Amino acid sequence: MTDLTLLFPTIFLAVWALVLLMYGAFGGSARTTAAFACFGLAMLLVPMLTKPAMGSAFVLGQGALLGFSPFTQLAQVLLLVLAIPVALLAEPFFEGRKAHRAEIYTLMLLSLCGMFILTAAQDFLPMYMGLELMSFPLYIMAAMLRDRAESSEAALKYFVLGGLASGLLLFGVGLVYAATGTTQFASLMVALGQGGMPWPLLSVGLALTVLAVLFKLSVVPFHMWTPDVYQGAPTPVTAFMAALPKLAAIVLLVRLLEGPLSGLQELWQPALAVLAAASMVVGSVVAIRQTDVKRLLAWSTIANVGFVLCGVVAASPQGHGGVLFYLAVYGLTMVGLFAVLIELENLQEPVTVHGLAGLARRRPWLATMLLMLLFSMAGVPPFAGFMAKLNVFAPLVAAGYTWLAVVGVMASVVAAFYSLWLVKTMYFDVPSAEVAVVAKPVQSAQQSPLMLVALAAVAVVLVLGVLPGLLSNLTLPAATALF
Amino acid sequence: MLADILFLAFATAIILGAGTVVLARNPMVGVLGLVFTFLNAAGLFILLQAEFLGLLLIMVYVGAIAVMFLFVLMTIDIDFVKLREGMAAYLPLGAVVMLALLAELLLAAYAAPISGVGNPIGEGADTSAAALGALLFTDYNLPFQMAGLVLLTAMVGAIVLTHRRRSDVKRQNIAKQVLRKPEDSMTLTQPKVGGGVTASHWEPQTVEEK
Amino acid sequence: MLDLLTLYATNLITWDNTLTLAWIVLTCLLVAVPVLLGMAYTTWFERKVLGWMHLRHGPMYVGWFGLLQPIADAVKLFFKEPFVPEGSNKLMFMLAPAMVFVPSLLAWAVIPVDKGWVVADVNLGVMYLLAVSSLSVYGILMAGWASNSKYPFLGAVRSGAQMVSYEVSLGLIILSVVLLAGSMNLSAIVEAQQGMWFAIPAFPAFVMFLVSILAETNRHPFDLPEAEAELVAGYNVEYSSMYFGMFFLGEYIAMITMSAFTAILFLGGWLPPVSVVPLTWVPGVVWFALKVVAILFFMVWARGTLPRYRYDQLMRLGWKIFLPLSLVWLVATAFYVKMYGNMVWGG
């Protein structure tokens, strides 16, 4: 019998999701469900911080189905920390559109449960199930505004392409199983550890497996779905998609590469380097041409995933620590940005690049927060975004991939351009006449959770920018434990 | 001997069925091709002595999922000829992907024989159903429960996305119907000859005004 | 390749193999012929019982007590003109009746009519029965679609939805019986009822099962797929001659199959009600047949008594009442089995 206390957070999430489902089904309002969801998530933080679980669950033969290392542990805490503000975003958005359903929170929790499994998976079976459990709620949440064609389109695109990716993953796992007779990471590591090139059956299988993870990350050749899905999905759902699954997927990728595939480092390192460079360049350059802010953020996500992959390519504790650091900062920035965007949407401001013109004069508070978050995204020094980029590029140079670091720096200059251009639009451009008419009159400062989330994001970004050690002191040891 | 022939028959039928799915002009025929493929895949399972999986495949995929496919295809109004218009443009790309996968598979199959596939059920198990159950509820309970959660998600999603309270639909509340008593809806009066009836709960308001 | 084939051919065609093949064909006939005859006389039985319920005689003219009526009907169907409507999908139109008829006969491969009297005594008999019985819905859907006509289409859609809906609760109830018996082998399930038929401890499940098989076989009061008041005759409106006859065959065989299934799961199959001397002298087949006839009588009785359900009521019953109830029953049974073990007495 396995020690289920290790699995407590995961089980808690699933049970809490069921409780919320029942509560919503038997007449609970969406508002109180939201409160219960956030309460549950916050409560879960307590045992996760005080009693970190280490060890393996469901031990089978050489390996186990799940393994909890400090890396996994930290990733799960970060996921939880990011999930709480995202859950807060849903209510102000959906309530105004008469689409606030209690089930949104059930789905969020189920997705989070899938991510927890994904970050701890030590076997292809839980990995696949975790990936599906993470993705399914996302497809559904993307279609939540079902009267809007873009929302349904986003959901359908995401679903079909996600289905294709998991099909490839299963095919890959099947080939790996055919070649080695195991689905466990541990046994796979033994099988691969015999040195030399893996035989073709195995390498095709492994490639397909990694490819499915890269799809979830929207790394460049597999990124086509991202802009449409980000733009079409309801904004809080986009925030969820931008912040959380990326973190879970990259943790899985790192654990795959540093675990069973560590013997093949000379194979995956150059390949990932090329993909990272492509992501950074394509994401940054295409983002410049965007007019819709959500679409622009989607392209910037692609670029940012490229930056994150740089840390993975470095294949050192510093690199992987940087990955966690980067994704935490990036996720928080995204949540803050989307909080501001939702507030703008609720105020019926156009969320296009041109629509933001003159925002600083109309809504100085929102514009200031947007400015700080965009500066952080661009990697301007006093903000955390700068430290994040530094934390992935420095290990990269140390690992000998100077060319990739150079490409990365160049791409971040391009990325800085569009961020700063947005800032320029907000502060120096004169709004077109229609925008001034459409937008609601300035209201007194609102006490909505949106502002709270945005403020918190700005604060954390500032604090981490000045004192990066607060987070990197956690990420570095966690990543060191991988080796 | 017999197993070889059966395998060849099932495998050929699977390829034919899969071909029908892709090439059928009529989507109904396509789905029936899919059903045919499932049935033969179930045959392969049974040939591999995984009778439980084979029968499960028929029950779940043929008996439920493909029926739903057929159902949806029958009830939606889509011009499938129009949908296929762009197909020729994507055909080369599709062919390249297919050839790449095929080449990979062939290469893989010829470079090294498929080896080392263990039987997780273990030899000497009495029936595959019992052995599968024992595994699913012990060692692999975690993926099993997660599959349950995934299905729950799908169910919640289907209901959330389609269900909507409509006020313009008449509904039947059987309990209410059964519990209805005569006195709730009926008043018995004995009107005088030549006199009218005024229901006890109806109070005339404007008649006497003048 | 050719060498391989000739090798197979020469090795396959041996005296032993021919004998085996002949034996297989013989057993198939031994099962199929009684089932087909039984089907023919089920129609006679239904008409007679319905007649008596209506205070009339039913078929009386062909043969003594109308006993040759089914034969006459069959002959008539054989000699009618097969009619394929314009604009229909010809191949599917002709294939559909066979798709209904064949699975219903296939099911009999695993049904034990007496101790050891079964074509294939497989361990997963229950699964096999469920799998095979889920196939017949295709014939109905194909027929409705291929006819290119609105009544058959509506009938087919109704039928598909109905059969899939009731299969869910049917499956759950069957699972609870499997739990009680601790086996999916139909013979083992019968043997487990030596001490007591499962209909007694699992009475609620038995009742739900009886109602569900009415829906599963599209029988009254759930015969919406062919509701003559609304859909003329449902999915088989456009069919004539033996094509229609095959639907008819399939439907009635499915009735007998489901009755046999019920008898096996809940009424102890070939076992006598109590194992006392005069009753045990009666052969098992007779007991089995008696039980099947009793359930068939119930089905006819329901037809003679009950008005047809409305479609939303049918769906409500299936999804909102039977599904939760059978789930609860399954969980309760699982708890019982966990605490006290399988319910296998006597034997």
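**Exercise 1. The contact between chains B and C**

Determine how many residues of chain B are in contact with chain C in this predicted model, and which helices of chain B supply them.

*Solution.* Begin with the count: 19 residues of chain B are in contact with 19 residues of chain C. Next, assign the chain B side to its helices. Both α2 (27-47) and α3 (51-75) of chain B supply at least two residues each. Of the helices, α3(B) gives the most, with 13 residues. Finally, classify the residues on this side of chain B: 15 are nonpolar, three are polar and one is charged.

**Exercise 2. The pairs of chains**

State which chains have the most contacts between them, and find how far apart the nearest C-alpha atoms of chains A and C are.

*Solution.* Two pairs of chains touch, and the most contacts are between chains A and B. Chain A and chain C do not touch; 15 Å separates their nearest C-alpha atoms.

**Exercise 3. Chains B and C described separately**

For chain B and then for chain C, give the number of helices and strands, the share of buried residues and the share of contacts that join residues at least 24 apart.

*Solution.* Take chain B to start. Its secondary structure consists of nine helices and zero strands. Of its 210 residues, 18% are buried. When contacts between residues at least 6 apart in sequence are considered, 39% of those in chain B join residues at least 24 apart.

Turn now to chain C. Here there are 14 helices and zero strands. The radius of gyration of chain C is 22 Å, close to the 20 Å that the globule rule gives for 347 residues, so chain C is as compact as a globular protein of that length. Its C-alpha atoms fill a box of roughly 65 × 60 × 45 Å along the principal axes. Buried residues account for 45% of the 347 residues. Among contacts in chain C between residues at least 6 apart in sequence, 79% join residues at least 24 apart.

**Exercise 4. Two helices of chain C**

Explain why α7(C) and α9(C) are described as roughly antiparallel.

*Solution.* Consider the axes of α7 (residues 150-181) and α9 (residues 203-216) of chain C, which come within 9 Å and cross at roughly 150°. Angles over 145 degrees count as roughly antiparallel, and therefore α7(C) and α9(C) are roughly antiparallel to each other. The crossing of α7(C) past α9(C) is left-handed.

Then examine the residues that meet. They include C:Y166, C:L170 and C:I173 in α7(C), and C:M208, C:F209 and C:S212 in α9(C). The residues of this contact divide into eight nonpolar, four polar and two charged.

How values were computed. Residues numbered from 1 in each chain as written. Chains lettered and ligands numbered in written order. Predicted model: local features only at pLDDT ≥ 70, side-chain atom pairs only at ≥ 80, totals over all residues. Helix = DSSP H or I, 4+ residues; strand = E, 2+ residues; numbered from the N terminus. Buried ≥ 20, exposed ≤ 12 C-beta atoms within 10 Å, placed from the backbone. Contact = placed C-beta atoms within 7 Å. Axes fitted to C-alpha atoms, helices over the stretch in contact; angles between N-to-C directions. Parallel < 35°, antiparallel > 145°, perpendicular 65-115°, else oblique. Left-handed = near helix turned anticlockwise from the far one by under 90°. Nonpolar A, V, L, I, M, F, W, Y, C, P; charged D, E, K, R; others polar. Rg over C-alpha atoms; globule rule 2.2 N^0.38 Å.
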